Amino acid sequence: GKTVWRTEFPAYWCQPYGDRAYGFSSKGAYVIFDLATGRMVFEKFVSPTVPAPVMGEKKGLMVGRKEPGSWRNVRVAISETHAFLECESGQIVVLGRDTGEVEQIVEIDGMPAGRTEPIIYENRLLLTDFNAAVYCFEGAP
């Protein structure tokens with residue numbers, strides 16, 4: 001096949017949703033680009049490294065104990081309202097899909113991420129951890 005377009009910016013991972021693609025750049029920025037042209041339509045700097053989770057009570061998605069890691073192997077899942085960034089070290093960064101605002105940073109039982117990308121299906125987020133356990137989280141109504 002013929003190359004239709006190529007981004008002018010490095011994006012570690014992207015996930016299509018509608019006529020846009022959502023991803024993360026090597027600079028630590030959340031990016032949205034147009035699927036028809038490949039042009040960036042939105043960019044918001046988040047952090048040069050994965051932000052550390054907020055300490056708190058254990059509730060399904062566990063609180064953090066790890067040092068912040070690199071965005072290099074981040075995986076993205078997109079819902080109607082949010083972008084879920086699953087980081088290699090196990091942190092899940094939840095952003096507003098269209099604003100890039102960080103809404104939550106948590107971990108999955110303190111485990112590194114698994115080998116599969118996160119999936120959104122019928123308002124549920126499905127993830128795997130390094131031990132091949134599958135986690136299913138229901139979204140807010």
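Trainee: Tyr135 is buried, and Phe137 is buried too. What kind of model does this come from?

Mentor: It is a predicted model. Let's take the aromatic residues as our starting point.

Trainee: How many aromatic pairs does the structure hold?

Mentor: There are 4 aromatic pairs in the structure.

Trainee: Why is the pair of Tyr30 and Phe42 called edge-to-face?

Mentor: Two values decide it. The ring centres are 6.3 Å apart and the planes stand at 70°. A pair needs centres within 6.5 Å, and planes over 60 degrees apart count as edge-to-face. Both conditions are met, so Tyr30 and Phe42 form an edge-to-face pair.

Trainee: Which parts of the chain does that pair link?

Mentor: Distant ones: Tyr30 sits in strand S3 (residues 29–34) and Phe42 in strand S4 (residues 40–45), 12 residues apart.

Trainee: What makes Tyr30 buried, and what makes Phe42 partly exposed?

Mentor: Buried means under 20% relative accessible area, and partly exposed begins above that and ends at 50%. Tyr30 has 0%, so the label is buried. Phe42 has 25%, so the label is partly exposed.

Trainee: Back to the two residues I opened with. Why is the pair of Tyr135 and Phe137 called stacked?

Mentor: Their ring centres are 6.1 Å apart, and their planes are at 10°. Planes under 30 degrees apart count as stacked, so that is the name this pair receives.

Trainee: Which residues form an aromatic cluster with Tyr30?

Mentor: Tyr22 and Phe42 join Tyr30 in one aromatic cluster.

Trainee: How do you know that S3 and S4 pair?

Mentor: Pairing asks for at least two bridges, and S3 and S4 have 5 in the antiparallel sense. One residue to look at is Val31, which stands opposite Glu43 in S4. The hairpin of these strands has 5 residues between them, and Gly38 there takes a positive phi near 80°.

Trainee: What makes strand S7 (residues 91–96) mostly covered?

Mentor: Of its 6 residues, 6 are buried. That holds for both faces: Gln91, Val93 and Leu95 are buried on one side, and Ile92, Val94 and Gly96 on the other.

Trainee: How do you know that S7 pairs with strand S6 (residues 82–86) and strand S8 (residues 102–107)?

Mentor: Again we set the bridges against the minimum of two. S6 and S7 run antiparallel and are joined by 5 bridges, with Ala83 opposite Leu95. S7 and S8 also run antiparallel, with 5 bridges, and Val93 has Ile105 as its bridge partner. Each neighbour forms a hairpin with S7: Gly90 has a positive phi of about 110° in the turn from S6, and Gly100 has one near 75° in the hairpin with S8.

Trainee: What is the strand order of the open sheet, and what makes a strand an edge strand there?

Mentor: The order of the 4 strands is S5-S6-S7-S8, with antiparallel pairing. Strand S5 (75–78) and S8 are the edge strands, as each pairs on one side only. From one strand to the next the twist averages 20°.

Trainee: Now the charged residues. Why do Asp34 and Arg20 count as a salt bridge?

Mentor: The limit from nitrogen to carboxyl oxygen is 4 Å. Their N to O distance is 3.8 Å, so the pair qualifies. Asp34 lies in S3 and Arg20 in strand S2 (residues 20–25), so the bridge ties together parts 14 residues apart in sequence.

Trainee: Which network do Asp34 and Arg20 belong to?

Mentor: A network of salt bridges that links them with Asp19.

Trainee: What makes Asp34 buried and Arg20 partly exposed?

Mentor: Asp34 has 17%, under the 20% limit, so Asp34 is buried. Arg20 has 27%, so Arg20 falls in the partly exposed range.

Trainee: How do you know that Glu101 and Lys44 form a salt bridge?

Mentor: Their N to O distance is 2.2 Å, which is within 4 Å. Glu101 is in the loop between S7 and S8 and Lys44 is in S4, 57 residues apart.

Trainee: Last one: why is Glu122 called exposed?

Mentor: Exposed means over 50%, and Glu122 has 60%, so the label fits. Glu122 is found in the loop between strand S9 (119–121) and strand S10 (124–128).

Methods
Residues numbered from 1 in each chain as written. Predicted model: local features only at pLDDT ≥ 70, side-chain atom pairs only at ≥ 80, totals over all residues. Heavy atoms only, no water. Phe/Tyr/Trp six-rings, centres within 6.5 Å; stacked < 30°, edge-to-face > 60°. Helix = DSSP H or I, 4+ residues; strand = E, 2+ residues; numbered from the N terminus. Buried < 20%, exposed > 50% of the residue type's maximum accessible area, 1.4 Å probe, protein only. Axes fitted to C-alpha atoms, helices over the stretch in contact; angles between N-to-C directions. Salt bridge = Lys/Arg side-chain N within 4 Å of Asp/Glu carboxyl O.
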